[in-house]
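This report looks at a few regions of a single protein model, taking them one after another. Please keep the sequence and the structure at hand while reading.

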Amino acid sequence: MRVLGVNAIYHDPSAALVVDGTVVAAAEEERFSRRKKGKRPVPFAAWELPELSMRWVLDQAGLKPQDLDAVAYSFDPALSKPAEELGLHDPWDHLRIMYAQRAPGFLAAALPGLDQSRVRYVPHHVAHAASAALASPHRRSSVLVLDGRGERASHLAGRYEDGRLEVLFQQELPHSLGLVYESLTEHLGFLRSSDEYKVMALASYGKPRFLEELREIIRPTGDGGFLAEAPDWSRWAPPRAADATLSEESWRGPHADLACSVQQRLEEVLVELARWVHEQTGDSVLTMAGGTALNCVANSRIWRETAFEDVWVQPAAGDAGTSLGAALQVSADGGEVPEPMPGADLGREWSDDELAAWLRSAAVPFTTPEDLGGEVADVLARNGVIAWFDGRSEFGPRALGHRSLLAHPGHPENLEHLNVVKGREQFRPVAPMVLLEHAAEIFSDGPIPSEYMLFVHTVDPAWRDRIPAAVHVDGTARIQTVDPARQRRLGATLEAFRARTGLPVVINTSLNTAGRPMVDDPRDALELFGSAPVDALVLGPHLVRRSALFAGGGERGGER
């Protein structure tokens, strides 16, 4: 079967293509449109389709819309109820439902030649669940999905075996851990349904002063569900204006304490829900998706404190991943056994010659070194910052060595420096990349390998002074393990950096600046390099040095 998956209803619009059970491509619309998060999750925008990413994934396989056997849309309006019946205040939600009902016609208009009768609705949380369980390396697993909301629920617990989902529990709205966290995000002055990761970072600077009160308000019910409605946060901390500067004093004040308290209560409830699932299934593997599964602190507690031997989290766990999950579920329903996703690098790529042509067209001096890893390691060892662009772009919010900013972890000021380069808040951490064979020497209390940067690990005390820029205020780090056999250029660079510094670690953050989507194509990379204070740009096998670019020197032909 040739199945196009589409996520369009809330936020993070995306498209994915699964052919004969194999994941061919997946991409988020923001990487093409350059509009952060693709669109806002308001009912008025629910008609918008990820047209650019849909066309691109079809082009990847040389398919036309009429070649598709199915289009899987990750929301089923037949399951919806009016917002007031769900206990939600959303007076325009009926527009969202109407647009979803008309999605087949919208899709046929956007993809001329598509037979709209081939559109299949996949329930939102089933699409999330499939994106975890069917994309993982495991043929049998328990599955846990939590986010803000789907059609009428906020949570699904179940079990997959041989492509079939058994639903064990679904939590009806208005109770939603995701909506609670979104509400807190807005109260703290961040952008709702976008900046929840900032709350997780801020929580490390606070104390859980309000935890006991929150335990009365947000609590599991013992049957696989929970009670969770957003309280009046002002009882603990006043609202922050969205445009107010978050000062260092605020990092350790009541706002941080409130973030810490809610974060810890979220972790506790998630652990209880995961334990309940294990009691029902006895499985050794738990797979997870939904926006809440991007909470890497909670993921590590689930890994540590439940009986599951392995926890696998979808790297595009948010709504973007539902396009992939919907396609996989329709493929499985058609009798195919989906293959595990090959990695998070499912987006666009360019050949070495095409990248060189981009550089020549931009009149940018560059070289193509025989020992690229060594030359990049030299820049890093001298405390330079590298803009790294290599291979297919990542699907999901994490920069995993395809679109990254890299720096030396041994200088504490590099955390501040990278945040200045990106134009973002100074309480935000950056993540260490570590050579897989050395990871267990430095990091503990989390799964290894950890290739998708979705778990938090404790940094060994002996290493904290050696890699201070990689260590968060609470002594932890959100690591990515790098296997040189799988990421050749990046692995060679880390090995060369270790040879020069004794450190098998570099620090990494996404290749973008604040408010902009992650860099995706060569033009994006060149624009960032021209405007941000980074020392060198890696574009595949090619190297551009800032000193050569602004001195006008170097060879435009890309001499070695």
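## A three-stranded open sheet

In this predicted model, three strands form an open sheet in the order S16-S17-S18, and their pairing is antiparallel. The edges of this sheet are strand S16 (443–444) and strand S18 (476–478), each of which pairs on one side only.

Strand S17 (residues 456–459) is joined to S18 by three bridges, and these two strands run antiparallel. Within this arrangement, His457 stands opposite Ala477 in S18.

## The second largest pocket

The second largest pocket has a volume of about 520 Å³. Its lining is made up of 29 residues, of which Pro449, Ser450, Glu451, Tyr452 and Arg486 are the closest to the centre of the pocket.

Strand S12 (310–313) and strand S19 (480–482) each contribute at least two residues to the lining of this pocket, and S12 gives the most, with four residues. By residue class, the lining divides into 16 nonpolar, seven polar and six charged residues.

## Helix H14 and its surroundings

Helix H14 (residues 372–381) is largely enclosed by the rest of the structure, because seven of its 10 residues are buried. The buried residues of H14 are Leu372, Gly373, Gly374, Val376, Ala377, Val379 and Leu380.

The elements that cover these buried residues include strand S13 (386–389), strand S14 (403–407), helix H18 (488–501) and strand S20 (505–510), together with strand S21 (536–539) and strand S22 (542–545). H14 is followed by Asn383, which has a positive phi, near 75 degrees.

Notes: Residues are numbered from 1 along each chain as its sequence is written. This is a predicted model: local features need pLDDT of at least 70, side-chain atom pairs count only at pLDDT 80 or more; totals for chains, interfaces and linings use all residues. Side-chain values use heavy atoms; hydrogens and water are left out. On a 1 Å grid over the protein atoms alone, a cavity is a set of points where a 1.4 Å probe fits but cannot get out, and a pocket is an open set with protein on both sides within 12 Å along at least five of seven lines; lining residues have an atom within 4 Å of a point. Grid points are joined across faces, edges and corners, and a volume is the space filled by probe spheres set on the points. Ala, Val, Leu, Ile, Met, Phe, Trp, Tyr, Cys and Pro count as nonpolar, Asp, Glu, Lys and Arg as charged, and the others, Gly among them, as polar. Buried means under 20% relative accessible area, exposed over 50%, partly exposed in between (1.4 Å probe, protein chains only). Contact means heavy atoms within 4.5 Å. Two strands pair if DSSP finds at least two bridges between them.
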